Amino acid sequence: MKSARPDFLEKCFDPYDPWMSPRAIRVRQAFYQGRLSAKISAALIVLIDWLAPKFLRKVMKIEQRSYPITVAQKILAADSIEQPQLALEQLMSVAVPDSSKYGAAWGLGFPWMSKNGLYNSDIPFITHTPYAMEALCRLMTFETCHEDAQKHFSRTWQFLQSLFVLHEDSETLALSYAPTNEPRIVINANSYACFAYCLHADQDVSRSSQARERALRIARYVVQQQQTNGAWHYYADDLPGNFIDCFHSCFVIKNLIKASKLDDDVRALVAESIQRGKQYIDENFFDETKGLVKRFTARDIKDPFVWDLYDQAEYLGVLIELSELDRAEKLCKAARASFVRNGDWYSKIDILGFRWGENFSRWGITPFHFSENKLKKIRQSKA
């Protein structure tokens, strides 16, 4: 008999699989320090992963796993949830374990070495927790788990308050990516923080005033970081290693849109910024011939991939939020034609035209399904 257990905890491989081991983390750290030996080692890992991803994962004995952001998006995208209490349990099972320190919060679920330093597998991120917060809001609509979901949502406030203040003045505020002291401010992370505080302002009356005040100051900071041409860099600085890519740009715009729908003052502040950011993406990322968005307009690290489904997923999300539904439909068609073969989804397309990342759900596939499902529901409601 087929189990009634939902597949929110579905496991998969991931592009970051080869970089999770202690040795690979050391290579990545040395790479960011500019060491030649690490650059050679990193290039070899990238080459093998590009040419033989399944073989590499088998040799490294990498196991498939569930990812917090994927669990949350699957809950949000589900047409119906027959066992909401079980869905809630599954969502909380991938939360960071140290709830006494962080409250209810979610991260990557694996160690990650970035230019900002090493984040262990048990540290939460502001770029991930808001998806779980939205999932909790959906689960609050079910009587059987309303109270528990509401309790967990309330505990996400503790996580938001644990983020480090990296910049503050009377008008603006910028927070860290995670509850740790970081050397560089990440712009898209602060757009998530703005949205997360707007969610609390909307859902938690006792904290509404404080949440709105912080959301507005963070929104003002994000707007001030926008370039004159409408673009946002990944980091809020001009230091080496900065870049401008499509899906992080879309994160900023999407979060500002969603925050503005919850707060009138935020909407008044960010409306022009959203329009200019969207115009930058349309004019600089969108490829009319392919019907897809490109990856970078300014980049630091090279790789063999030309097209990425994650970019399409997040641009699709922006189009939907702005009610550009016809363009969204065309993007869905173009993305399916490029990234799907024989029923399998792929995450990236390389310089040779080969598809890579078969069913690597976290990286673009689940986010695309999430947005595509939202588009379907909107179309159905209009029909």
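These legends walk through several close-up views of a predicted model.

**View 1. The largest nonpolar core of the model has 114 residues.** Welcome to the interior of the protein. In soluble globular proteins, nonpolar side chains tend to be buried together. Good residues to look for here are Ile75, Leu91, Trp106, Ile126 and Leu139, which have the most contacts inside this core. Helix H9, running from residue 187 to 203, contributes the most to the core, with 11 residues. Elsewhere, Trp19, Val27, Ala42 and Ile45 are among the five residues of a second, separate core.

**View 2. Ile75 and its contacts are shown here.** Which residues does Ile75 touch, leaving aside its neighbours within four places in sequence? The partners are Phe8, Ile81, Ala87, Leu91, Ala135, Arg138 and Leu139. Two of these names, Leu91 and Leu139, also appear in the list of residues with the most contacts inside the largest core.

**View 3. Lys348 is a buried residue with no salt bridge.** You can find Lys348 in strand E12, which spans residues 348-350. How far away is the nearest side chain of opposite charge? That side chain belongs to Asp308 and is 4.2 Å away, while a salt bridge needs a distance within 4 Å. Beyond the neighbours within four places in sequence, Lys348 is in contact with Asp308 and also with Phe305, Trp307, Phe339, Phe354, Arg355, Trp356 and Trp363.

**View 4. The largest pocket has a volume of about 1,200 Å³.** This pocket is lined by 46 residues, and those closest to its centre are Tyr16, Arg28, Tyr32, Asp303 and Trp363. Trp363 may look familiar, as this residue is also in contact with Lys348. Helix H2 (36-51) supplies the largest share of the lining, seven residues. Other elements that each supply at least two lining residues include helix H1 (22-32), strand E1 (112-114), strand E9 (305-308), helix H13 (309-321) and helix H15 (361-382). H9, met in the first view as a part of the largest core, is another contributor of at least two residues to this lining.

**View 5. The largest cavity has a volume of about 50 Å³.** How many cavities of 30 Å³ or more are there? The count comes to two. Lining the largest cavity are Asn188, Trp232, His233, Tyr234, Phe243, Ile244, Asp245, His248, Ser249 and Val252. Strand E5 (244-245) and helix H11 are the elements that give two or more residues to this lining. Of these, H11 gives the most, with three residues. H11, which covers residues 246-260, also supplies at least two residues of the lining of the largest pocket.

Key
Residues numbered from 1 in each chain as written. Predicted model: local features only at pLDDT ≥ 70, side-chain atom pairs only at ≥ 80, totals over all residues. Heavy atoms only, no water. Core = buried A, V, L, I, M, F, W, Y, C linked by side-chain atoms within 4.5 Å. Buried < 20%, exposed > 50% of the residue type's maximum accessible area, 1.4 Å probe, protein only. Helix = DSSP H or I, 4+ residues; strand = E, 2+ residues; numbered from the N terminus. Contact = heavy atoms within 4.5 Å. Lys, Arg positive; Asp, Glu negative; His and termini not counted. 1 Å grid on protein atoms, 1.4 Å probe; cavity = no way out; pocket = protein on both sides within 12 Å on 5 of 7 lines; lining within 4 Å. Points joined across faces, edges and corners; volume = space filled by probe spheres on them.
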